[in-house]
Each structure stands twice: as structure tokens, then as C-alpha cells.
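I opened this one with no background and a blank page. These are my notes, in the order I looked things up.

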Amino acid sequence: MDSYKARLYQFSNNVNLQSEEEMEGKRSNTRPLTLLRKIKGFTRSIVEDLARGRAPLIYIERFRNYCTDTSGNCSCSSGLLTGKEAISLKRECHARRLDVLLRVLLIVQQLLQENRHGSKRDIYYMHPTVFKEQSVVDRAINDICILLQCSRHNLNVVSVGNGLVMGWLRYVESGRKIDCISNPNTAYPIPVLVEEVDDIISVAQYVVVVEKESVFQRLANDQFCKRNRCIVITGRGYPDVPTRRFLRLLIDKLHLPVYGLVDCDPYGFDILTTYKFGSLQMAYDATFLRVSEIQWLGVFVQDCDNYSIPQQCLLPLTAEDKRKIEAMLPRCYLQREVPQWRFELELLLHKGVKFEIEALSVHSLTFLSHEYLPSKIHNGGAVF
């Protein structure tokens, strides 16, 4: 118990509230000054409990962005509060969890006070023998976001940028002009600190989000953006937070149609739902990360027949694929908001085969950019 007191008093002594002008953020409830006050209040309440001989009891709200009621009549929405979890020092597993949370919170406090940024991986390596694995740190960061009612980037905890963008777009990042328009088929890294993006200008007609870097590069080689006046983004698999925030920012500022192009397999489908509905792990922040406007452009199960994809390009669904599909089918938002998506997922399971976007190259290397995408976007092809 003494170690907890020492760490908590360290919080109280270290909190040095800077001037509001120095530390002001974009939203009043998530400014560094406000967050530092919340941290101080949180730790002070624990110190007071310990000083009075009481075991602290911490309540952490729990959120979800879907349930498994397939009737479509549920009341789920992004950021739905589902209850509270109580953490007490009386339980050994909770004591360790609180120890981790306080260690991470101390690091966050330092980042905010010094106006510096760090990654989740940076935080892990500050106490690797205590944390043992990255997921422990990830959980603590999510708990802190919920406790402080903020997003992860408000804590100055950032992801290593993974996404790419190209096309008819120009913006300023941290005072530096990024001019994609001058070379619309050249890839640029998506900004990690999206809040430092300003002065967004575009003459694009739509945005295409592609699942994989290989497809992104195919479109770049075919000069798809130059030919079609668009913006193309990839998260290179499951999208990280900066990619999702940057896409959300573009849609809010430019009000363009946005389309998703993913593999015809359960993982491609899950990636698409992450963009549209958010992830379960960050359900508390889904409202600020989801891009509900995104439409499914392809590839669809029936495309293998519609575009005469030969049998040798199709792969049988594995047992793991089938389990993943069966786990996704009951998600309430599929029935309530995109029933056609659910039908496609059922069709995928029924047909028992999957294929990649690149399978369209069986016709020609340029078939995707010259035939498939234009037929979907410009000629009224199937889009859900």
C-alpha cells in the first residue's frame, strides 16, 4: 500500500499547472490544463481514501458500438454506455491493474506538462518488466481516456503513422504545405498529429479508401487520381487512429462521397466496418472516429461471376474465416443500418470462397483502374 501512496503523492507534487494560453487545446474539456486538473483530482481522491484507511474504489465506464440483437430493434449507437466496472485494491488482479494505470497516468502527466508526444510503444518500454506486454498498456490508456473523458491524442499519446494518401489535395501540416495536387499519383504519409492539419484545399470529386498498400500502388502506377480527380487513402490493413481521424477530417471539411474497396473475405469486411462503425476496443471514441458516410464499392461475392474471375483465382474459406463471419453476422448495426452488407456476408459464407482485389488483374493490370472502379463510381454500378 505504501508504494501506491508514494506514486500518488508523486502525482500531486508533479502537477504544475501552466498558463491556459500555453496549454490550450481545441476543445475546452480536453485541454492539457483541464486534463492535468482531472488527473490531480483523481489521484487526490485515492490518496484521501488511503489516508482514511479505506480501499479506493474506481468506477470505469464501459462502452460498445454494437450488440448481437439481429432484430434491428435495439437502441445501440456509437459510444453506447453499457455500465460501469468497479476496480478495488481488495482484489489482487485489480491491484495490479491499478498499479499499471497509475504508472501510465504518471507518464501521460509528464507528456502533458512538457508538451511532448509519445507512442504506446514508448510507454511500454519505460516499464517493460512491470507491463510485460503491450496489450496491458493499451488497456490502461483506454481506461485513462474513459476516466478523463477524452480521446487518446488528447493525452499526447500518438500512433506511429501507417496510412498513405494521394490525389487532388493540398493542406498545411504544422506550418508545412503538403501539396499532393502537384503530384497526384505520389504517396504521402498521413499526418500523425491530425489536429495540426489546416487549410485543406481540394478539387477532388470523391475519396476512395483501399484496404491494402499493394492496391494503392496499383492505382498510383495507373495514374488513377490524375485521370479521375479523386483522393485515395489506405490504412495498409486495419486502419490506425491517425488514418481514421484524417479521413473523418477530410469528409467533414470537403463533404465528398467516400467509397471503400476491400478484399472479398471476412477480414476485408471487418476493416470496412472499422471505418464505418468504429472498433469495439475504442467504442468510447467511436463518435469521433467513425466515417458513417463510407459506401462499399467492392469487391463483392457476385463480382467473381460478373467479371468472369476464373476458379483458380478463388480460395476456399478456411475454418477460421467461417468462424469470423459467423461472429460478425449478429452485429446489430448490420441489420439496422446496412442490411445489404449483412446479405453480402451471408452470401460469402454460403458460397464458401474468397478472393482478393488483385484477382481482377486476370484480365489486365489496368482492369481495376480503367474498368472496374469507373464502372462502379461513374456508371451507376453496385455500391452499398
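**The open sheet**

I started with a sheet: six strands make it up, it is open, and its order reads E8-E5-E11-E10-E12-E13, with mixed pairing. I should jot down early that this is a predicted model.

Next I checked the edges. E8 (188–189) and E13 (295–298) each have a single partner strand, so each has one side without a neighbour in the sheet. I then looked at what sits on the sheet and found helix H17 (residues 367–377), which packs there and touches E10 (207–210), E12 (258–261) and E13. The direction of H17 makes about 145° with that of E13.

Back at the E8 edge, I looked up how E8 pairs with E5 (residues 164–167): the sense is antiparallel, over two bridges. In that pair, Val-165 is opposite Tyr-188 of E8. A reminder to myself: sheet strands pair through backbone hydrogen bonds, parallel or antiparallel.

**Helix H11**

I moved on to H11, which covers residues 266–277. I wanted to see whether its length made sense. With twelve residues at 1.5 Å a residue, the expected span is 16 Å, and the end C-alpha atoms are 16 Å apart, so the two agree.

Is H11 enclosed or open to the outside? I found that eleven of its twelve residues are buried, so the rest of the structure largely encloses this helix. The buried set includes Phe-269, Ile-271, Leu-272 and Phe-277, and also Asp-270 and Lys-276.

Then I looked at both ends. At the start of H11, Asp-265 has a side-chain oxygen that comes within 3.1 Å of the backbone nitrogen of Tyr-267. Just after the helix, Gly-278 has a positive phi of about 90°.

**One residue, Leu-102**

I picked Leu-102, which is in helix H4 (residues 92–114). Its relative accessibility is 0%, and the cut-off for buried is under 20%, so Leu-102 counts as buried. I also compared its place with that of Thr-43: the two are 59 residues apart in sequence, and their C-alpha atoms are 8.7 Å apart in space.

**The whole chain**

Last, I stepped back. The protein chain holds 17 helices and 15 strands. It has 384 residues, and 55% of them count as buried. Among contacts with a separation of 6 or more, 73% come from residues 24 or more positions apart. I noted an accessible surface of about 17,400 Å² for the chain, with 48% of that belonging to carbon and sulfur atoms.

Notes
Residues are numbered from 1 along each chain as its sequence is written. This is a predicted model: local features need pLDDT of at least 70, side-chain atom pairs count only at pLDDT 80 or more; totals for chains, interfaces and linings use all residues. Side-chain values use heavy atoms; hydrogens and water are left out. Helices (H or I, at least four residues) and strands (E, at least two) are DSSP runs, numbered from the N terminus. The expected span of a helix is 1.5 Å times one less than its number of residues. Buried means under 20% relative accessible area, exposed over 50%, partly exposed in between (1.4 Å probe, protein chains only). A polar contact is a pair of N or O atoms within 3.5 Å; within protein, one must be able to donate a hydrogen and the other to accept it, and residues adjacent in sequence count only if both atoms are side-chain atoms. Two strands pair if DSSP finds at least two bridges between them. Contact means heavy atoms within 4.5 Å. Axes are lines fitted to C-alpha atoms, for helices over the stretch in contact, and angles run from 0 to 180 degrees between N-to-C directions. Accessible areas come from the Shrake-Rupley method with a 1.4 Å probe; for residues, only the protein chains shown count as cover.
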